[in-house]
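Q: I would like to learn how to read a few features of a model. Can we go through them one at a time?

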Amino acid sequence: MKIYKFLLTGLILACLSACGSDEPDSTKPGDVTVQSVSVTPDETTLQIGQTVQLKAAITPAEAVAEVDWTTSDAAVATVAEDGTVTAVSVGIATVTASAGGKTAKCTVTVIAQPVETTITLDVTQFDLSLDATRKIGYTVTPAETAVEWTSSDERIATVDAEGTVYGVARGTAVITAKAGEAVATCNVRVVRPMQIGDFYYSDGSTSASLSMTKKVVGVVFWVGDPTADDAALRRDHPECTHGLVVAAFPSNNPWPWQLDYEANKATIGSWVSANTQYEDITSEWMKDTRRNKIAGYNNTKAIEAYNASALGQTSPVSVMTPVNSYRKEHPAPANTSDWFLPAVKELSLLINDVYDGEVFDFNNVSKSLCLTNRDIVNASLEQIEDGVVMGSQTWEYEYWSSTEWYYNQAYHVNTMSGSIMGGSKDGRYNQLVRCVLAF
């Protein structure tokens, strides 16, 4: 009986063991609980319009759960079902990955797209006299960008924080303006100060000694800013601030200022004032002081406007004929005013000397200043092949100005005495035309 009892017990145990193998396995992956979620990267910075792909990792690895993506501010950054984040506007948003009740976050900082920095200078090269200064203008974007100025050789030229260049010694230096990564340069040549009597060439350069390799067009007779008095010149040629040049090759043929002035018996200046933007070209003794200002460019443009009018067609200012001919035969250099008929003030500077008072003073109280500049300029004109000097011992002639005295008279300056007078407009025997230009 004991034997059977043990056999029965073994059989029962065997049956129980066999039945136990059919129960469900609690270690299947689908039943593994999500312990944590992580997001890579957990912080990022994007420019507007850029995207980044976020990756979510679930722990333990055998846990299976769907990942949901959300954003705290869709106006700043959006997130797609696959975790792709798109930057929308400047700001900060939090993107959250959720799975199995667990979450992880990524901080997204959105910044503006960088604006390209640019800088341009208003001039890329210029000559600068010793001990002189010139400020370089510039345009920079964005406007608030700081600009750093440097010189390639401070022994030649220095530059301050505002872009003002100072000529230290003769030579060439490169001035550099740097704004962010943007760079612009200007070549500066430091030269001796210009002087009356310097030669002026077709390339716009000057020299104290006549160059045999350049084409000379005239001689400097005044150094200064002619635009200061002449608004028309300042408006049309703001770059012409260095001085005045007299033409080297005039024809020296007598020419009348105007022939048919009796037809109107009115000044050209009155028509100019009523019909143009130019200043009156007439200047009467004891009535105004226009004759004491550099105004040749203004006067020439005004006369051209008059000649183009219906009235000017019937009684033109004929003195413009030799001016126009000279322009065609001897083209003026670029970046100049072109050749024009000088006002009486410019002629007084050409023949006599720098004087801030009344031009009529050269006829009396300032007579000692007469012919000063004429002799300096003539010394240079004599060196130019075919250059024509001013004045003649055998012919005492005058130069017409573009300044009108009265309806029947215009100003002229005597080349042998420097005296300033008004002459009948139809004078054609001793009255010549000599062009000048501003540069």
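Q: How do the residues of the lining of the largest cavity divide into nonpolar, polar and charged?
A: This is a predicted model. The lining is sorted by residue type: here 2 residues are nonpolar, 4 polar and 6 charged. Among the lining residues are Asp229, Asp230, Glu279, Arg290 and Lys293, along with Ile281 and Ala295.

Q: How many cavities of 30 Å³ or more are there, and what volume does the largest cavity have?
A: The count comes to 1 cavity at that cut-off. Its volume is about 100 Å³.

Q: Which members of the largest nonpolar core touch the most other members?
A: A nonpolar core is a set of buried residues joined through side-chain atoms within 4.5 Å. In this case the largest core has 65 residues, and Phe221, Trp257, Ile384 and Ile420 touch the most other members. Strand E21, residues 216–223, gives the most to this core, with 6 residues.

Q: What does isoleucine 420 touch?
A: Leaving out residues up to four places away in sequence, isoleucine 420 contacts Val344, Ser348, Val359, Phe360, Phe362, Asn363, Tyr411, His412 and Val413. Val344 and Ser348 are among the buried residues of H7.

Q: Why is helix H7 described as largely enclosed?
A: Buried means under 20% relative accessible area. In H7, residues 344–351, 8 of the 8 residues are buried, so the rest of the structure largely encloses this helix.

Q: How many disulfides does the structure hold, and why is cysteine 435 without a bond?
A: A disulfide needs two cysteine sulfur atoms within 2.5 Å. The structure holds 0 disulfides. The closest cysteine sulfur to that of cysteine 435 belongs to cysteine 240 and is 15 Å away, too far for a bond. Cysteine 435 counts as buried, because its relative accessibility is 3%.

Conventions: Residues are numbered from 1 along each chain as its sequence is written. This is a predicted model: local features need pLDDT of at least 70, side-chain atom pairs count only at pLDDT 80 or more; totals for chains, interfaces and linings use all residues. Side-chain values use heavy atoms; hydrogens and water are left out. Buried means under 20% relative accessible area, exposed over 50%, partly exposed in between (1.4 Å probe, protein chains only). Helices (H or I, at least four residues) and strands (E, at least two) are DSSP runs, numbered from the N terminus. On a 1 Å grid over the protein atoms alone, a cavity is a set of points where a 1.4 Å probe fits but cannot get out, and a pocket is an open set with protein on both sides within 12 Å along at least five of seven lines; lining residues have an atom within 4 Å of a point. Grid points are joined across faces, edges and corners, and a volume is the space filled by probe spheres set on the points. Ala, Val, Leu, Ile, Met, Phe, Trp, Tyr, Cys and Pro count as nonpolar, Asp, Glu, Lys and Arg as charged, and the others, Gly among them, as polar. Contact means heavy atoms within 4.5 Å.
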